[in-house]
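This report describes the interior of a protein chain, with attention to buried residues and their contacts. The sequence and the model are shown first.

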Amino acid sequence: MGAGAVREEDAFDVTAVAEWLRAHVADDLAEQMVGEPQVRQFDSGASNLTYELRWPERALVLRRPPHGALGGSAHNMRREHDLQAALGRVFPHVPRMAALCTDPTIIGGDFYVMDKLEGTILGKDLPDGVSLTPEQATALCHNAVDTLVELHDVDVSAVPALADLDRGDGYVHRQVSSWSKRFRAAATDDVPDLEGVMTWLAEHEPADRPHALIHNDFRLDNLVLAQDDPTRVVGVLDWELATVGDPLMDLGGALAYWAQADDDETRRALRLQPTHLPGMLTRAEVVERYCAARGLAVSDQEWTFYEVFGLFRLAGIAQQIYQRYRAGATTNPRFAVFGTMVTYLDSRCRALIG
C-alpha cells in the first residue's frame, strides 16, 4: 500500500490537527509530536481516507470519511475507533488507538488517529524489494486464513462493546436486503441492473451460521506483514465494515477479491492483491483450510450462495464509488474503471448461478 502526496480534494488543516492531537493524546506520545508532521496519503482503499502523519520520532495514521460521504456505519469514525479499541484487548493484530476527534471545527468531520504498524503491505503486485517463493506464498496464504479463523474464534460475548454489534438472527437476510437497496440507489445507466442476481440471492438465503466477529473486508492488502518475514501477519487494517454476523459471509466477501492464476484475463486484471502468484492457494483451497480449522461442513451448493453474495457485495461497493465518481464527488482516476468492474462481476455471478 503506497503513500504519496495528499490529493487536493482530500487535504485538511495539518496545523489544526497537530495542535488538537498534542492536547488530547497521552503525554508520552505528545512529547514525540513536536511541530507539524509530514503528511502523506495512502492510495489504496476506496471508502474512508487514510493518511500517514510522520514526526521525526513517531508515525501515526489518521482515518476520516471522504468529503460528501453519506454516513452509515462504513463512515462512522467513532464506531471504527471504539471497535478496534475493544478488539485490541482480545485480538493481537489491531493497531493501538491514540485519539478520536468528534469536533467538526478541526477538519470538518470526525477522525481518529492510531499507531502506525510498521511492516509490509501487499498491493496488486509485490512491493519493490519484496519477493515470495512458491513455498512462501503458500505459507502466507495459510497464515492469512489462520488469522481470519483466529478472528472468527474470538469470544464476542466476553467483550460487551463487541457483543453489542450482534443484531441477532437474520444477518444473511439483512445483508442481502441492505446491499440490494444500496445497489439500486447507486444505479447508473451504463452498468447492468443486477436484478436477476438480487432475486436469486433473496430466493436462496441460508439460515445464519453461529455468529462471529467478522471483518467484512479481509484481503491480503489489508494485512500488515512482518518486515523480516513477508509470510507472517502482524496486523489487520480497515475495520470500517466490521460487525457480528455469519462468518461464511466474511469468507465469501474475502474471496470475491481472490483472483487466482487460472482465472480469465479480466478477473486477473481487476485484482487488488497478488493472489495469482505461484504457490498461492486457490479459492477452493482457502475454503477447505478455513472449514477444516473451524470444523464446518459446507456443501458445494451452500457455498455457491456465499460466493455469489461476495461478488454481488463487491459490485455494490464498486457501484457506490462509481456513482460518486460519475457525479464528480471524487476525481480519483482509479474509480473510472469501476463501472467495468460491476459489469464483469454481474457476469461472474450469473455464471455461478447457472
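Two residues are in contact when heavy atoms of each lie within 4.5 Å. The model discussed here is predicted.

**Contacts of two residues**

Thr147 belongs to helix H5, which spans residues 134–152. Its relative accessible area is 5%, and Thr147 therefore counts as buried, the cut-off being under 20%. The table gives the contacts of Thr147 and of Trp239, leaving aside residues up to four places away in sequence.

| Residue | Residues in contact (heavy atoms within 4.5 Å) |
|---|---|
| Thr147 | Phe91, His93, Phe218, Val233 and Val236 |
| Trp239 | Glu80, Leu83, Gln84, Leu87, Phe91, Val94, Leu151 and His215 |

Phe91 appears in both rows of the table.

**Nonpolar cores**

In soluble globular proteins, nonpolar side chains tend to be buried together. Here the largest nonpolar core comprises 75 residues. Those with the most contacts inside this core are Leu87, Leu201, Trp239, Leu251, Phe305 and Phe312. Helix H12 (residues 300–326) supplies the largest share of the core, namely 13 residues. Another core, of 24 residues, lies apart from it and includes Leu49, Ala98, Cys101 and Ile106.

**Helix H9**

Helix H9 covers residues 247–255, and 9 of its 9 residues are buried. Among them are Pro247, Met249, Asp250 and Leu251; Leu251 is also one of the residues with the most contacts inside the largest nonpolar core. At the start of H9, a side-chain oxygen of Asp246 comes within 2.9 Å of the backbone nitrogen of Leu248.

Note on methods: Residues are numbered from 1 along each chain as its sequence is written. This is a predicted model: local features need pLDDT of at least 70, side-chain atom pairs count only at pLDDT 80 or more; totals for chains, interfaces and linings use all residues. Side-chain values use heavy atoms; hydrogens and water are left out. Helices (H or I, at least four residues) and strands (E, at least two) are DSSP runs, numbered from the N terminus. Buried means under 20% relative accessible area, exposed over 50%, partly exposed in between (1.4 Å probe, protein chains only). A polar contact is a pair of N or O atoms within 3.5 Å; within protein, one must be able to donate a hydrogen and the other to accept it, and residues adjacent in sequence count only if both atoms are side-chain atoms. A nonpolar core is a set of buried Ala, Val, Leu, Ile, Met, Phe, Trp, Tyr and Cys residues joined through side-chain atoms within 4.5 Å.
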